[in-house]
Amino acid sequence: MMELFDMGKYDFFVWGSIGVFVVALVLDLSTAKSSQKQVIKQIKAKIRRKQ
Amino acid sequence: MTPTRKKRLILVLMVALGVSVAVAIFLTAFRDNIMFFKSPTEVAAQDYPENRNFRLGGMVKDGSMSRIPNSLKVQFVVTDFAEEVKVEFEGILPDLFREGQGVVTIGKMRNDDLFVAEEVLAKHDENYMPPEVADALEAAKKQQSNYGNYKQEESE
Amino acid sequence: MNRIVKFYHEMGSPPSFYRITQHWLMPMLLLALGLTAYGLIEGLFFAPKDYQQGDSYRIIFVHVPAAWMSMFIYAIIGICGIITFVWRMKVAEAVMMASVPIGALFTAVTLLTGMLWGKPMWGTYWDWDARMTSQLILLFLYIGVAGMYAAYEEDPRKAARLAALVAIIGLVNLPIIRYSVYWWTSIHQTSSITLTGGSEGIHSWDMLRPLLVMALATKFYYIYSMLTRAHTYLLKTEAKKQWVAQAVSKKSGAKP
């Protein structure tokens, strides 16, 4: 199993790149979701205040 | 000035600053790396800057690589198949550096006949393939050139 | 034909755009995740080694799809910028601004993975060659578009028009990036795959397949991320409208 993850002497560079890619996508997903939640919360609060 | 206007001004100025920095970077890079990128033919014609670093690009000539004994220095010949320049370099060569491979070296000329490189970068082409395919291609190329020779002999 | 015209008109109006594209989110996310998993596993573990670069070439499976997305997304931003500027369409404003973060992120990923690939192969993390310099400028352009919008945020329509102007001017950079490797000789090699020339540089289907799968995966992810942000943008800028109140209350119905 371990030899599957072995990238010769390029472990740092290959896994580093994959890490950069994955971290970037997770970051994008979480910020997109959190800003959506925040805006929906604000709008709901406004609607409640009106009622 | 109102706080909004102030914020607006600062941000617009930052955008302007960013654009100018980008343009400045582009122009410097252009000047240093594109204008001062020389081939062995240009170097042979004395067309290179005297007292500043420039880039010499070409192929590492087959069989030209040698280590200078008792030092970390290596010597090799960079060729564009028309002219050749001898290059000396002290340091660690990149993994892809080998004879017959493209190379970009950064340094100065010494005495018109030796390029002293401070940096050596290996260049590779846009081809990717498994080793078996590379071997097969190589074999096919050889066979084809043999066949070509054979045909030539036949027609003579 | 009538249906296409109807669809076009519906996509131009914020409430129906919101209603229609809401159903696309889940499928897009699932496709993106599934294809990314497949592409990365195949590319990292099963694709053959390269004859010259060994295992280090596997960086291609994230570097090249990210690079394609960085330019593809900027092209969409530019087109939406033109629509915003000329026709003042709200949905185009939303798509334009929603594309900026994900495009900037893909640009940063391209630069970082390129550095991690350049060090072992070329011998340097960074070189001021035409390809790398123009890609760095693309990152500045993304930041410029976002910064311009932020400067006028309290008036979103005006902010969007000014951001669109920056985006349109920046379109010049796209052909420069694309052809930089042909116009100026330096360290970066020329393209292995092009739309017109096919995949001449990649000689094994087992290498090409994961790359194409990753290219698709990033497209689907972009659609998901962009739509999510575009929805948020429309909810925020149309907050006083009736449809927003309905859409928001429906959201709470589904998830208490």
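I call a residue buried if 20 or more other C-beta atoms lie within 10 Å of its own. On that count, 22% of the 156 residues of chain B are buried. I'm working on a predicted model here.

**Chain B, overall**

I went through the secondary structure of chain B and got three helices and seven strands. In sequence order they run α-β-α-β-β-β-β-β-β-α. Next I looked up the radius of gyration: 24 Å, well over the 15 Å from the globule rule for 156 residues, so chain B is more spread out than a compact globule. The extents of the C-alpha trace of chain B along its principal axes come to about 90 × 40 × 35 Å. I also pulled the contacts in chain B between residues at least 6 apart in sequence; 43% of them join residues at least 24 apart.

**Who touches whom**

Two pairs of chains are in contact, and chains B and C share the most contacts. Chains A and B have no contact between them, and their closest C-alpha atoms are 10 Å apart.

For B against C, I get 35 residues of chain B in contact with 41 residues of chain C. Three elements of chain B each give at least two residues to that side: helix H1 (3–35), strand S7 (114–123) and helix H3 (131–155). H1(B) has the largest share, with 15 residues. Sorted by class, the chain B side holds 23 nonpolar, six polar and six charged residues.

For A against C, 24 residues of chain A meet 34 residues of chain C. Here helix H2 (residues 11–50) of chain A supplies the largest share of the chain A side, 20 residues. The class split on the chain A side is 16 nonpolar, five polar and three charged.

**H2(A) on H9(C)**

I then zoomed in on one helix pair across the A/C contact. The H2(A) and H9(C) axes come within 9 Å and cross at roughly 20°. With under 35 degrees as the cut-off, that makes H2(A) roughly parallel to H9(C). The crossing is left-handed.

I listed who takes part. From H2(A) I have Leu25(A), Asp28(A), Leu29(A), Ala32(A), Ser35(A), Gln36(A), Val39(A), Ile40(A) and Ile43(A). Facing them in H9(C) are Tyr221(C), Ser225(C), Thr228(C), Arg229(C), His231(C), Thr232(C), Leu235(C) and Lys236(C). By class, this contact has eight nonpolar, six polar and three charged residues.

**H3(C) on H9(C)**

H9(C) turned up again inside chain C, so I checked its packing there. Helix H3 (residues 25–46) of chain C packs on helix H9 (residues 205–237) of chain C at about 150°, with the axes 8 Å apart. The cut-off here is over 145 degrees, and H3(C) and H9(C) are therefore roughly antiparallel. H3(C) passes H9(C) in a left-handed crossing.

The H3(C) side of this contact includes Leu25(C), Met28(C), Leu29(C), Ala32(C), Leu35(C) and Tyr38(C), along with Gly39(C) and Gly43(C). On the H9(C) side I noted, among others, Arg209(C), Pro210(C), Val213(C), Met214(C), Phe220(C), Tyr224(C) and Leu227(C). The class tally for the contact of H3(C) with H9(C) is 17 nonpolar, four polar and two charged.

One cross-check between the two lists: Tyr221(C) and Thr228(C) of H9(C) meet H2(A), and Tyr221(C) and Thr228(C) also take part in the contact with H3(C).

Key
Residues are numbered from 1 along each chain as its sequence is written. Chains are lettered from A and ligands numbered from 1 in the order in which they are written. This is a predicted model: local features need pLDDT of at least 70, side-chain atom pairs count only at pLDDT 80 or more; totals for chains, interfaces and linings use all residues. Two residues are in contact if their C-beta atoms, placed from the backbone, lie within 7 Å. Helices (H or I, at least four residues) and strands (E, at least two) are DSSP runs, numbered from the N terminus. Ala, Val, Leu, Ile, Met, Phe, Trp, Tyr, Cys and Pro count as nonpolar, Asp, Glu, Lys and Arg as charged, and the others, Gly among them, as polar. Axes are lines fitted to C-alpha atoms, for helices over the stretch in contact, and angles run from 0 to 180 degrees between N-to-C directions. Angles under 35 degrees count as roughly parallel, over 145 as roughly antiparallel, 65 to 115 as roughly perpendicular and the rest as oblique. A crossing is left-handed if the near helix is turned anticlockwise from the far one by less than a right angle, and right-handed if clockwise. The radius of gyration is taken over C-alpha atoms; the globule rule is 2.2 Å times the number of residues to the power 0.38. A residue is buried if 20 or more other C-beta atoms lie within 10 Å of its own, exposed if 12 or fewer, and partly exposed in between; C-beta atoms are placed from the backbone.
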